[in-house]
Amino acid sequence: MCATVNNLYCVGRNYKLHAEELGNKVPTEPLIFMKPSHAAVPLDKAIIHLPKDAGQVHYEGELVLRIARDYVPGISVEELVDVMALGLDFTLRDVHNDLQKKGLPWTAAKGFKNAAPLTPYIAFPDQEELEATDFIVLKNGVEVQRGNVKNMIFSLQKIVDFIAARYGLGKGDVIFTGTPEGVGPTVSGDSFELFWGDTLMGTCLIG
């Protein structure tokens, strides 16, 4: 099971090519939204059930941080984060597009049950390893996404500082740090494998 998640923050449009592939403007400051904590479920040989009556569901693979202690001004991300995971930010794309057009909150598109599967955690690497290692999403055995912190618009340090200053950030909070290009639809029967470099972090089957 997932460790207890308090607040579950997400960063939208944190990769330039992803923003562009969906026709969105590249943000000038972090775009933060939230998912309910019950959206977090294990991504470890799990069968994950998603809504089937709300239009297309898209996968979005992401690097995920877990906060180990309460934030204080000036703290580094290395001091703040103890472990990391990979995750899938599942999105009801048709609902999301409609909400954006109407200027409404994204909760209905992003916050449904099982919308934030998380792999088991590993120790948080140093910056050199972070920049040397890609995270990879395979769908049905085919690579569909590849991301690296070097390609983020906003660094991990910028993200934690921004969230803490505006919303607060404490022990047990989790941050989905944004998805690279390559997002797309998923349906029942699809399988996903999430890799950190050559290391398989977690798998799931869409029920």
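Mentor: Two strands count as paired when DSSP finds at least two bridges between them. Keep that in mind as we look at this structure, which is a predicted model.

Trainee: Thanks! Which strand runs antiparallel to β1, and how many bridges join them?

Mentor: At least two bridges are needed for a pair. Glycine 12 of β1 has leucine 31 as its bridge partner in the other strand. That strand is β2 (residues 31-35), and the number of bridges joining it antiparallel to β1 is five.

Trainee: Which strand pairs with β1 in the parallel sense?

Mentor: Look at cysteine 10, which stands opposite phenylalanine 176. The parallel pairing extends over three bridges. The partner strand, residues 174-176, is β13.

Trainee: How many residues of β1 are buried?

Mentor: Take one face at a time: Leu8, Cys10 and Gly12 are buried on one side. On the other side, Tyr9 and Val11 are buried as well. Strand β1 (residues 8-12) is mostly covered, and the count of buried residues is five of five.

Trainee: Now for α6. What span is expected for this helix at 1.5 Å a residue?

Mentor: Helix α6 covers residues 156-167, twelve in number. The expected span is 1.5 Å times one less than the number of residues. From first C-alpha to last the helix reaches 16 Å, close to the expected value, which is also given as 16 Å.

Trainee: Which elements do the buried residues of α6 pack against?

Mentor: The buried residues are Leu156, Ile159, Val160, Phe162, Ile163 and Ala164. Their packing partners include helices α2 (77-80) and α5 (127-132). The strands they pack against are β6 (61-67), β13, β1 and β2.

Trainee: And which residue just after α6 takes a positive phi?

Mentor: The phi in question is about 95°. The residue that takes it, just after the helix, is glycine 168.

Trainee: Where else should I look for positive phi? What value does asparagine 140 have?

Mentor: Most residues other than glycine have a negative phi. Asparagine 140 sits in the loop between β11 (135-139) and β12 (142-147), and its relative accessible area of 41% makes it partly exposed. Its phi is positive, near 55°.

Trainee: What is the phi of asparagine 114?

Mentor: Asparagine 114 lies in the loop between α4 (107-110) and β9 (116-118). Buried means under 20% relative accessible area, so asparagine 114, at 21%, counts as partly exposed. Its phi is also a positive value, near 70°.

Trainee: Is histidine 96 buried or exposed?

Mentor: Histidine 96 belongs to helix α3 (residues 93-102). Leaving aside residues up to four places away in sequence, it touches Thr91, Trp106, Ala109 and Lys110. Its relative accessibility is 4%, so histidine 96 is buried.

Trainee: I'd like to see the aromatics too. Why does the pair of phenylalanine 90 and phenylalanine 192 get its geometric label?

Mentor: The structure holds four aromatic pairs. In this one the ring centres are 6.2 Å apart and the planes stand at 70°. Planes over 60 degrees apart take a particular label, so this pair is called edge-to-face.

Trainee: How many residues apart in sequence are the parts tied together by that pair?

Mentor: Both rings belong to buried residues, with phenylalanine 90 at 0% and phenylalanine 192 at 1%. Phenylalanine 90 is in the loop between β7 (81-88) and β8 (91-92), while phenylalanine 192 is in strand β15 (residues 191-196), so the separation is 102 residues.

Trainee: Lastly, which ring lies under the charged end of arginine 66?

Mentor: A charge over a ring must be within 6 Å of the ring centre. The charged end of arginine 66 is 4.9 Å from the centre of the ring of tyrosine 121.

Terms used
Residues numbered from 1 in each chain as written. Predicted model: local features only at pLDDT ≥ 70, side-chain atom pairs only at ≥ 80, totals over all residues. Heavy atoms only, no water. Helix = DSSP H or I, 4+ residues; strand = E, 2+ residues; numbered from the N terminus. Buried < 20%, exposed > 50% of the residue type's maximum accessible area, 1.4 Å probe, protein only. Contact = heavy atoms within 4.5 Å. Phe/Tyr/Trp six-rings, centres within 6.5 Å; stacked < 30°, edge-to-face > 60°. Lys NZ or Arg CZ within 6 Å of the ring centre and 35° of its normal.
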